[in-house]
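Colleague: I am new to this structure and would like to learn how to read it feature by feature. Could you take me through it slowly?

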Amino acid sequence: MAIHIETPVIASRALSLRTGKQVRLKLEALQPSGSFKTRGIGHACEVYQSRGAKRFISSSGGNAGYAVAYAGRMLATPVTVVVPATTSQRAQQLIRSEGAEVIVHGESWMEANAKAQQLMTATDAFLHPFDDPLLWTGHASMIDELARQGERPDLVICSVGGGGLLCGVVEGLQRNGWGSVPVIAAETAGTESFAKAVENGAPTLLPGISSIATSLGARQVCDRAFALTQEHHIESVVVSDAAAVAACEEILLEHRMLVEPACGASVAALHSASPLLEQARSVVVILCGGVGITAGQLAQWSADFGS
Ligand SMILES: *Cc1c(COP(=O)(O)O)cnc(C)c1O
């Protein structure tokens, strides 16, 4: 039994008219946990459970932690999420609402993660937010669906944080005979760990994260995400926070869905000057979603960025 649901892919008339291309949106924002994360994490949790795991442990206060909590409830398995004190009350509440135990420890993710590692016993499974082949295989199911749902696109656009989604998208393209479909990897300025890896020819540690797109805030991409640049046609696109927020407003106005700037980055990439985009006639954007957003927060960011 899969933990994720099959999501629709819809043609976006508004984005198609604006870009002069056939734009489709794969609606991962409709997953019960609010983001695509439930695909990979749900798959990994099922595999770890079949190998004997009695508890799932995470150190993410974001969409990954929430997806682990959701998967735990679906699999009737206890979940512990260790988060730093900086994690919002709302995020903690969401995770608790799935029946997971939330432990608040330390001032930064590093400290929370160290605590989570200490808690690990032989019958616990740790769910990494992006660097786990089981996650990539689970994420790839979105492309299996896409292949059943319509014709081959000329281009796929997805967002990149630590690179788990990118690894899953490429795995999915390759296993569906779409290995020649190129991918735009979208990030915001201030979370551009993939762009830096491409620039430096190796995964590179960003000095810090300076963007509101916190779900993209991995300071370094996983090795596999960088290695894929040698195997698959992937172009890096970096957009501003202002462009990501404007794209969230565009999705809200045109499709009445509320998504995080981490997701808006992929939509904003549609409006960027990209060689791959120029050549593409039909484009699929992975609308990856995210629960770290409210109508009030988006309005505030729009005011801040003057969009
Ligand atoms: C996790 C996440 C991303 C980035 O995914 P990675 O696998 O870390 O690259 C993008 N958008 C949202 C909404 C996310 O939750």
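**Reading the ligand site and the core**

Modeller: Let us begin with polar contacts to the ligand: in this predicted model, an oxygen atom of the ligand is 2.8 Å from an N or O atom in the side chain of Asn 63. The backbone takes part as well, for an oxygen atom of the ligand is 2.9 Å from a polar backbone atom of Gly 162, and an oxygen atom of the ligand is 2.8 Å from a polar backbone atom of Leu 165.

Colleague: How much of the ligand's area does the protein bury?

Modeller: Taken alone the ligand exposes 380 Å², and the protein buries 98% of that.

Colleague: Which residues are the closest around the ligand, and how is the shell made up by class?

Modeller: The ligand is surrounded by 16 residues, with Lys 37, Asn 63, Gly 161, Gly 163 and Leu 165 as the closest. Sorted by class, the shell holds seven nonpolar residues, eight polar residues and one charged residue.

Colleague: Now the nonpolar core: which members of the largest one touch the most others?

Modeller: The largest nonpolar core has 96 residues, and those touching the most other members are Phe 56, Ile 157, Leu 166, Val 169 and Leu 287. Helix H3, residues 63–74, supplies the largest share of this core, namely seven residues. To follow one member, take Leu 166, whose contacts, leaving aside neighbours within four places in sequence, include Cys 158, Val 160, Val 183 and Phe 194. There is also a second, separate core of five residues, among them Ile 57, Ala 112, Ala 116 and Phe 126.

Colleague: Is Ser 282 buried or exposed?

Modeller: One compares the relative accessible area with a cut-off, and buried means under 20%. Ser 282 counts as buried because its relative accessible area is 2%. This residue lies in strand S10, residues 282–286, and, apart from neighbours within four places in sequence, Ser 282 is in contact with Gln 22, Arg 152, Pro 153, Asp 154 and Leu 155.

Colleague: Where does Ala 76 lie, and what is its phi?

Modeller: Ala 76 lies in the loop between H3 and strand S4 (79–83), and its phi is near 50°, a positive value in a residue other than glycine. With a relative accessible area of 71%, Ala 76 is exposed. Arg 256 can be read in a similar way: its phi is near 55°, a positive value in a residue other than glycine, and Arg 256 lies in the loop between helix H11 (241–255) and helix H12 (261–269). Arg 256 is exposed, with a relative accessible area of 64%.

Technical notes: Residues numbered from 1 in each chain as written. Predicted model: local features only at pLDDT ≥ 70, side-chain atom pairs only at ≥ 80, totals over all residues. Heavy atoms only, no water. Near = heavy atom within 4 Å. Polar contact = N/O pair within 3.5 Å; in protein donor to acceptor, adjacent residues only side chain to side chain. Areas by Shrake-Rupley, 256 points an atom, 1.4 Å probe, with all protein chains shown as cover. Nonpolar A, V, L, I, M, F, W, Y, C, P; charged D, E, K, R; others polar. Core = buried A, V, L, I, M, F, W, Y, C linked by side-chain atoms within 4.5 Å. Buried < 20%, exposed > 50% of the residue type's maximum accessible area, 1.4 Å probe, protein only. Helix = DSSP H or I, 4+ residues; strand = E, 2+ residues; numbered from the N terminus. Contact = heavy atoms within 4.5 Å.
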